[in-house]
Amino acid sequence: MTVSLWGGRFAGGPSDALAALSKSTHFDWRLAHYDLAGSRAHARVLHKAGLLSDDDLETMLRGLRALAEDVTSGAFAPAEDDEDVHTALERGLIQRIGPEVGGRLRAGRSRNDQIAAQFRMYLRDQARLIGAKVLDVVQALVDQAAEHAEVAMPGRTHLQHAQPVLLAHHLQAHGWALLRDVERLIDWDRRAAVSPYGSGALAGSSLGLDPESVAHDLGMPCSVENSIDGTASRDFAAEFAFVAAMTAVDISRLAEEIILWATAEFAFVTLDDAYSTGSSIMPQKKNPDVAELARGKAGRLIGDLTGLLATLKGLPLAYNRDLQEDKEPVFDAVDTLEVLLPAVSGMVATLTFHRERMESLAPQGFSLATDVAEWLVREGVAFRDAHDIAGACVRHCEEQGIGLEDLADDDLRRISDHLTPDVRSVLTVRGSLVSRNAHGGTAPARVGEQRSHQLRQVDRARHWVQEMPLVRD
């Protein structure tokens, strides 16, 4: 049985080449259950408008539910000559309930509003599934931070030693970036939860259908304000692709550090065997493949976003067939994150941190020089002068081959009258850390408070990811 959703004005069917070019079931079949949910909602508004009898509605809903079961079990799948998911499912429905009732479902709707609605529904589910996996990475970071709450490490700018920080502070910084990605999904969902159903091809319907009723059946609070915007806009897809790419970029930055930290030169971490690989020729190798793949896949997701934006940039209103190209980049972003994120959370959770190595390097590179300058400021010295005096301390230490903590009393007096032996109170890593006790600083007390706040944010986001949109059967 062959079903086509168009063709009445054509004397013949499409060429094989056009049919092959137009076909999309190999990627849009994943929307089948969303299409069927939309069809159930549409059947109800047809009935409400007096266009379906009570018996026809019952027959149609029974057929759609049976078809959904067959799609789930695999008993029904797209045929070779099905153009898209909509065509395949209409064929399946007509096979089950006949053309007289099955053929009534298409009234008042178009593939243009169907696909726009189904794409939104699919992404709203995926946003929650991906958000949950991002939260798993955040949880792994927070757990490691709690386990190493007092461990100091060299904080860096320009990849050079800058100031000592707590490892927990550093790990939680990555956690905040990823939490913002989840918050972006939550915010995105508010704009995406608007149903284009009822827009028809572009101008709406003359059949007295109720778009708001369909929207509620599909788990959305309202329908679109403008039928042209409803069928032609894909900013919801582009915005989702941006959040996916931003998430991948944030993961990539974490991955880059793990790659560095696992080198012999850094020796900050050891990767668990379950999350690293070996070499086919060098038996000593233990490679950070998860982190390297995370870094590489970020480029892929950036490509998904830019490709979609390039597709959209020149499209006049309303629907254009170019929009067949809107789904594969976003599907690829979804599929990539679904595979990547569990590997990253597992890698982070099983990292072994080498505390002694990190703490031994924390004061290196004169990383306490800023503490000298700030001590001078607290003693009443202008920061411009304090900066120069602290720099002179560093220059003297470099010439003598000693550290700041090795400066003798005579050295301090020769460098500046403002320097007294009391400056040594800040020339320890612990003293430096404790002194940075303003909100957001790396002092242990502040980092502990920050971690509690971060965990509350994770719990709040967990509620959202667990609340899947309710779609009426």
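In the predicted model, Asp 273 and Lys 286 are joined by a salt bridge in which the closest N and O atoms are 2.8 Å apart. Both residues belong to the loop between strand 5 (269-270) and helix 12 (289-312), so the pair ties together parts that are 13 residues apart in sequence. Asp 273 counts as exposed, at 60% relative accessibility, whereas Lys 286 is partly exposed, with a relative accessible area of 36%. Salt bridges with shared partners further join Glu 83, Asp 84, Arg 111 and Arg 321 into one network.

The count of salt bridges comes to 36. One of them links Arg 30 to Asp 335, with a separation of 2.9 Å between the closest N and O atoms. Because Arg 30 lies in the loop between helix 2 (25-28) and helix 3 (32-48) and Asp 335 in helix 13 (residues 327-349), this pair ties together parts that are 305 residues apart in sequence. Arg 30 is partly exposed at 33% relative accessibility, and Asp 335 is likewise partly exposed, with a relative accessible area of 33%. A further salt bridge is formed by the side chains of Lys 48 and Asp 210 (3.0 Å, N to O). Here Lys 48 is placed in helix 3 and Asp 210 in the loop between strand 3 (194-195) and helix 9 (211-217), so the pair ties together parts that are 162 residues apart in sequence. Lys 48 is exposed, with a relative accessible area of 59%, while Asp 210 counts as partly exposed at 24%.

Asp 189, located in helix 8 (residues 167-192), counts as buried at 6% relative accessibility. Residues up to four places away in sequence aside, Asp 189 touches Arg 124, Arg 128 and Trp 464.

The domain assignment divides the chain into domain 1 (19-107), domain 2 (112-209 + 224-361 + 451-466) and domain 3 (364-427). The C-alpha centres of domain 2 and domain 3 are 43 Å apart, and their contact takes six residues from domain 2 and five residues from domain 3. Between them, these two domains bury about 460 Å², 51% of it on carbon and sulfur atoms. His 161, Gln 163 and Pro 164 supply 66% of the area that domain 2 buries against domain 3, more than any other three residues. Zero salt bridges are counted between domain 2 and domain 3, but two residue pairs are in polar contact. On the side of domain 2 that touches domain 3, strand 2 (160-166) and helix 14 (355-361) each give two or more residues, and strand 2 provides the largest share, four residues. By class, this side has three nonpolar, three polar and no charged residues.

Technical notes
Residues are numbered from 1 along each chain as its sequence is written. This is a predicted model: local features need pLDDT of at least 70, side-chain atom pairs count only at pLDDT 80 or more; totals for chains, interfaces and linings use all residues. Side-chain values use heavy atoms; hydrogens and water are left out. Domain bounds come from an automatic or database domain assignment. Contact means heavy atoms within 4.5 Å. Buried area is the accessible area (1.4 Å probe) that two parts lose on being put together, summed over both. A salt bridge is a side-chain nitrogen of Lys or Arg within 4 Å of a carboxyl oxygen of Asp or Glu. A polar contact is a pair of N or O atoms within 3.5 Å; within protein, one must be able to donate a hydrogen and the other to accept it, and residues adjacent in sequence count only if both atoms are side-chain atoms. Ala, Val, Leu, Ile, Met, Phe, Trp, Tyr, Cys and Pro count as nonpolar, Asp, Glu, Lys and Arg as charged, and the others, Gly among them, as polar. Buried means under 20% relative accessible area, exposed over 50%, partly exposed in between (1.4 Å probe, protein chains only).
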